[in-house]
Amino acid sequence: MAVLVKRVLLARRLRAASGDPTGRREASLGIDPGAAVRVRFAPSPTGFLHLGGLRTALYNYIFAKKHQGSFILRLEDTDQTRLVPGAAENIEDMLEWAGIPPDESPRRGGPVGPYLQSQRLELYAQATEALLKTGAAYPCFCSTQRLELLKKEALRNRQTPRYDNRCRSLSPTQVAQKLAETPKPAIRFRLQEEAAPAFRDLVHGWTRHAVGSVEGDPVILKSDGFPTYHLACVVDDHHMGISHVLRGSEWLVSTAKHLLLYQALGWQPPRFAHLPLLLNQDGSKLSKRQGDIFLEHFADAGFLPEALLDIVTNCGSGFTENQMGRTLPQLIEQFDLTRVICHSALLDLDKLPEFNRLHLLRQVRSETQRRQLVGELQALVEAALGDQLQDPGVLDPAYLERILLLRQGHFCRLRDLVSPEYSYLWTRPAVRRVQLDALSEKADVITKGVLGLLDEVALTQDVLNRELKKLSEGLAGTKHSHVMKVLRVALSGQLQGPPVAEMMVTLGPKEVRERIQKVLSS
């Protein structure tokens with residue numbers, strides 16, 4: 001493994017030295033030829049994983065795999081009051097379900113754990129102490145009531161609420177006095193307006209936010225010993241060796257504070273890329289209150305993870321072109337962070353069934369994946385019909401595989417095959433002869449003619465289509481469509497459905513004969 005790593009690093013150095021386009025691209029992304037690419041997805045377990053989180057995780061995953069790096073899952077659970085039971089497990093479960101498992105995580109472990117922020121409090125305390133010693137941070141004794149009054153007053157004056165930095169100017173004597181009364185104050189970071197650095201975001205370009213002139217000094221450590229996001233992400237990204245931070249554009253303004261923290265702690269910051277938001281088709285923000293944006297909803301509804309990965313990247317940027325049906329290896333191969341644009345991505349979930357159809361079709365055409373689909377379809381049939389199954393033969397793998405092959409491309413989800421539209425596949429319809437007579441006065445001739453065909457021809461769609469056409473032509477004054485309608489009702493009890501020849505091949509000659517004879521004798 002060590003030899004392989006050395007070869008990869010040597011190849012990168014040679015590409016960069018020779019002017020190779022790949023080397024230039026990696027240089028533009030801030031990828032040091034001698035350093036490992038490490039990215040992280042760091043959600044808060046205050047809710048289950050949804051489509052916006054999936055897209056952020058996916059971009060991190062494919063960036064890591066594109067550059068032979070590592071994808072880390074870190075759970076930012078420092079806001080203990082808002083934690084949702086089961087959310088931490090759900091996030092990792094859904095990443096594994098989606099096919100983008102982390103290389104390091106709370107569940108998998110790793111060399112820079114723990115991967116839960118609530119278990120890293122000592123690191124935040126050490127960083128805070130270092131900032132206090134240099135004067136970059138100071139204790140704040142303001143009560144919750146005072147801070148709330150400041151906020152209300154600002155809103156009343158139509159101003160943006162901000163802390164007035166009151167405790168910044170306390171003398172050492174005043175601080176000592178207040179510590180005697182409040183031994184565990186909050187700790188704030190001292191924002192220096194003139195020190196706010198400009199930085200080149202890998203998506204938005206050169207950016208600078210003078211946070212010191214528009215914001216009050218932020219809390220970095222709460223009185224309960226838990227850090228806020230600003231301190232925790234800086235400390236963890238440093239100690240975990242994160243090389244690139246790919247996160248939502250809502251954090252772009254906060255990056256100035258984070259860079260000031262890196263500067264005050266004497267640490268080298270990672271490279272930043274703030275990804276455009278994923279929005280609804282009407283431009284509204286995806287909301288966690290919408291139960292139908294959580295991954296569990298899509299999994300329970302029978303959608304493939306491949307379809308979700310495809311649709312959330314298809315509507316955005318970062319690829320040479322938008323195309324439906326891309327697999328994860330293709331996404332990794334085609335991804336180019338320099339192609340990500342600032343504009344928000346509009347997600348049209350109405351198109352998800354079509355994306356799912358394409359990926360399901362690919363699985364049906366794969367012999368290995370088709371065998372897995374047969375097992376899943378068998379379970380779906382048993383769960384949906386149970387005691388209603390009259391013939392155990394419908395669970396035969398050969399029969400199920402025949403259905404998948406003949407119907408491939410015509411269904412969007414596997415569970416569609418157990419919908420009422422396809423009930424004829426699993427149970428015999430209750431059709432009486434009078435129903436066929438109402439469709440055609442030659443229903444008797446038509447059905448008996450088909451019974452004769454079963455003894456003469458092999459049941460292939462091409463042969464049956466030809467023979468059924470001949471049967472129609474031999475019935476003077478009867479349209480071919482009427483012949484097909486009679487047979488479709490006799491076999492399925494439905495006026496619409498797949499081609500009759502396909503239905504006959506699917507059901508097999510024995511079942512076709514028994515269904516027609518049952519109708520004729522009713």
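What share of the contacts in the chain with a separation of 6 or more comes from residues 24 or more positions apart? In this predicted model, such residues account for 73% of those contacts. The chain is built from 22 helices and 11 strands. Its radius of gyration is 32 Å, well over the 24 Å that the globule rule gives for 522 residues, so the chain is more spread out than a compact globule. The C-alpha trace spans about 110 × 60 × 40 Å along its principal axes.

Burial and surface complete this overall view. Of the 522 residues in the chain, 48% are buried. The accessible surface comes to about 25200 Å², and carbon and sulfur atoms hold 51% of that area. The chain carries 66 positive and 59 negative charges, and the mean positions of these two sets lie 4 Å apart.

A closer look can begin with helix H3, which covers residues 51–66. Arg 55 has its place in this helix. With a relative accessible area of 4%, Arg 55 falls under the 20% cut-off and is therefore buried. Beyond its neighbours within four places in sequence, Arg 55 is in contact with Pro 276, Leu 277, Leu 278, Val 312, Gly 316 and Ala 345. With Pro 276 there is also a polar approach: a polar atom of the Arg 55 side chain lies 2.8 Å from the backbone oxygen of Pro 276. Arg 40 is 15 residues away from Arg 55 along the chain, and their C-alpha atoms are separated by 13 Å.

The loop between helix H3 and strand S2 (70–73) holds Gly 69. This glycine is buried as well, with a relative accessible area of 14%. Setting aside neighbours within four places in sequence, Gly 69 is in contact with Val 37, Ala 64 and Asp 103. Val 512 lies 443 residues from Gly 69 in sequence, and the distance between the two in space is 57 Å, C-alpha to C-alpha.

Further along the chain comes His 230, a residue of helix H9 (residues 229–239). His 230 has a relative accessible area of 15% and is buried. Its side chain is joined to that of His 258 by a polar contact of 3.0 Å. Not counting residues up to four places away in sequence, His 230 touches Pro 218, Ser 254, Lys 257, His 258 and Leu 261.

Lys 257, His 258 and Leu 261 are among the buried residues of H10. Helix H10 spans residues 255–265, and 9 of its 11 residues are buried, so this helix is largely enclosed by the rest of the structure. The buried set also includes Thr 255, Ala 256 and Tyr 262. Just after H10, Gly 266 adopts a positive phi of about 75 degrees.

Helix H21 (residues 500–507) is mostly covered, with 8 of its 8 residues buried. Val 500, Glu 502, Met 503 and Thr 506 are among these buried residues. What do the buried residues of H21 pack against? Their partners are helix H16 (397–407), helix H18 (443–454), helix H19 (461–473), helix H20 (480–492) and helix H22 (509–520). After H21 comes Gly 508, which has a positive phi near 90 degrees.

Terms used:
Residues numbered from 1 in each chain as written. Predicted model: local features only at pLDDT ≥ 70, side-chain atom pairs only at ≥ 80, totals over all residues. Heavy atoms only, no water. Helix = DSSP H or I, 4+ residues; strand = E, 2+ residues; numbered from the N terminus. Rg over C-alpha atoms; globule rule 2.2 N^0.38 Å. Buried < 20%, exposed > 50% of the residue type's maximum accessible area, 1.4 Å probe, protein only. Contact = heavy atoms within 4.5 Å. Areas by Shrake-Rupley, 256 points an atom, 1.4 Å probe, with all protein chains shown as cover. Lys, Arg positive; Asp, Glu negative; His and termini not counted. Charge placed at Lys NZ, Arg CZ, Asp CG, Glu CD. Polar contact = N/O pair within 3.5 Å; in protein donor to acceptor, adjacent residues only side chain to side chain.
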